[in-house]
Structures are given as structure tokens and as C-alpha cells.
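Here are my quick notes on the structure you sent round. Have a look at it first, then read on.

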Amino acid sequence: MRISLKPAVEQAFDIPGMTALSVGPSWSSTSPADQKALIDAFERMTIANYARNFDSYSGEKFTVDPTVTDRNSDKLVKSTLKAGTDTIAFNYRMHQVGGAWKIEDIYLNGNISQMAQQRSDFTATFSAGGASGLAKKLNALADKQLG
């Protein structure tokens with residue numbers, strides 16, 4: 001039986017917003033068609049990453065702190081992943097999209113912005129190959145994760 005993660009990812013994450021944050025300032029001058037291609041590729045990469053993580057599950061425990069911190073109009077949700085003797089902090093910055101709270105950024109180890117890290121990684125590709133070059137890279141990353 002094959003289960004799709006796409007509905008869960010779309011419900012939990014603001015994929016269009018995360019894509020825009022990852023692309024950075026060039027996003028506003030990117031055509032709607034190229035934005036859609038980037039959003040689709042970013043979503044595919046995100047789903048592939050989660051599919052790979054679930055595939056390699058070996059008893060890790062994910063805990064969400066019930067205390068939510070307000071950050072202006074955003075919310076910060078603290079969580080941890082316990083894998084063996086290691087505990088890794090994941091903080092989720094959430095904001096409202098269409099009346100629903102969705103993840104806008106993930107802070108690895110509690111303070112390293114995944115969107116800022118991706119923007120740093122994606123800038124050179126976008127500069128060299130434009131939106132189509134970055135979409136190609138994101139799809140290649142997804143293909144690699146899906147193996």
C-alpha cells in the first residue's frame with residue numbers, strides 16, 4: 001500500500017510562502033509561471049525529504065511543547081526529536097494562511113533558519129540558471145531522496 005504525504009504536507013506547511021522565502025528577493029520579479037514551477041518543485045522536494053525520513057524510522061520520538069510563544073503575528077512552536085541518546089530541537093515558526101496556522105520556517109537546533117539556509121544554497125543556482133535552473137535542481141534533489 002502506498003500512502004501519499006502530499007495532503008499532510010499541504011495542510012501543515014505554507015509551501016508557497018516557504019518557496020518565496022527560500023528564493024529571496026528575486027521572488028517578486030519572477031513570473032507567475034516560474035513561481036508555480038518553483039512551488040511545485042519545492043513541494044516535491046519537501047515531500048521526498050519527509051518520505052525518506054519516515055522510511056528510515058527506527059524508533060525516534062517527536063515531542064511538541066504545548067506552550068506556544070507569540071512572535072508578533074507569528075507563533076513559535078518548540079519541539080524535539082529524540083533519537084537514541086541524541087535530542088534535537090526543532091522550532092517551527094507558524095503564521096496564518098487563509099485562516100489556518102501553517103509552518104513558515106523550521107529552526108534546526110532551535111535557531112538555524114531552514115529557509116535562510118536554503119536561500120543561501122539556492123541563490124547561486126537561481127543567479128546562474130534562473131527559475132528553471134532552480135526548479136531543475138529542486139526536482140533533482142527530490143529524485144535523489146526518492147532514490
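The points below go from the overall fold to one residue in a helix.

1. Keep in mind that this is a predicted model. The protein has four helices and five strands. Reading from the N terminus, the order is α-α-α-β-β-β-β-β-α, with a radius of gyration of 16 Å, close to the 15 Å that the globule rule gives for 147 residues, so the protein is as compact as a globular protein of that length.

2. If you're setting up a box, the C-alpha trace spans about 40 × 40 × 25 Å along its principal axes.

3. On contacts, take the pairs of residues at least 6 apart in sequence: 44% of those contacts join residues at least 24 apart.

4. Now burial and surface. Of the 147 residues in the protein, 33% are buried. The protein exposes about 8900 Å², and 54% of that comes from carbon and sulfur atoms.

5. For the electrostatics, there are 16 positive and 15 negative charges. The mean positions of the two sets are 2 Å apart.

6. Last, a look at Lys144, which sits in helix α4, residues 114-146. Is Lys144 buried or exposed? Its relative accessibility is 67%, and the cut-off for exposed is over 50%, so Lys144 counts as exposed. For a sense of distance, Lys144 and Ser132 are 12 residues apart in sequence, and their C-alpha atoms are 18 Å apart in space.

Notes:
Residues numbered from 1 in each chain as written. Predicted model: local features only at pLDDT ≥ 70, side-chain atom pairs only at ≥ 80, totals over all residues. Heavy atoms only, no water. Helix = DSSP H or I, 4+ residues; strand = E, 2+ residues; numbered from the N terminus. Rg over C-alpha atoms; globule rule 2.2 N^0.38 Å. Buried < 20%, exposed > 50% of the residue type's maximum accessible area, 1.4 Å probe, protein only. Contact = heavy atoms within 4.5 Å. Areas by Shrake-Rupley, 256 points an atom, 1.4 Å probe, with all protein chains shown as cover. Lys, Arg positive; Asp, Glu negative; His and termini not counted. Charge placed at Lys NZ, Arg CZ, Asp CG, Glu CD.
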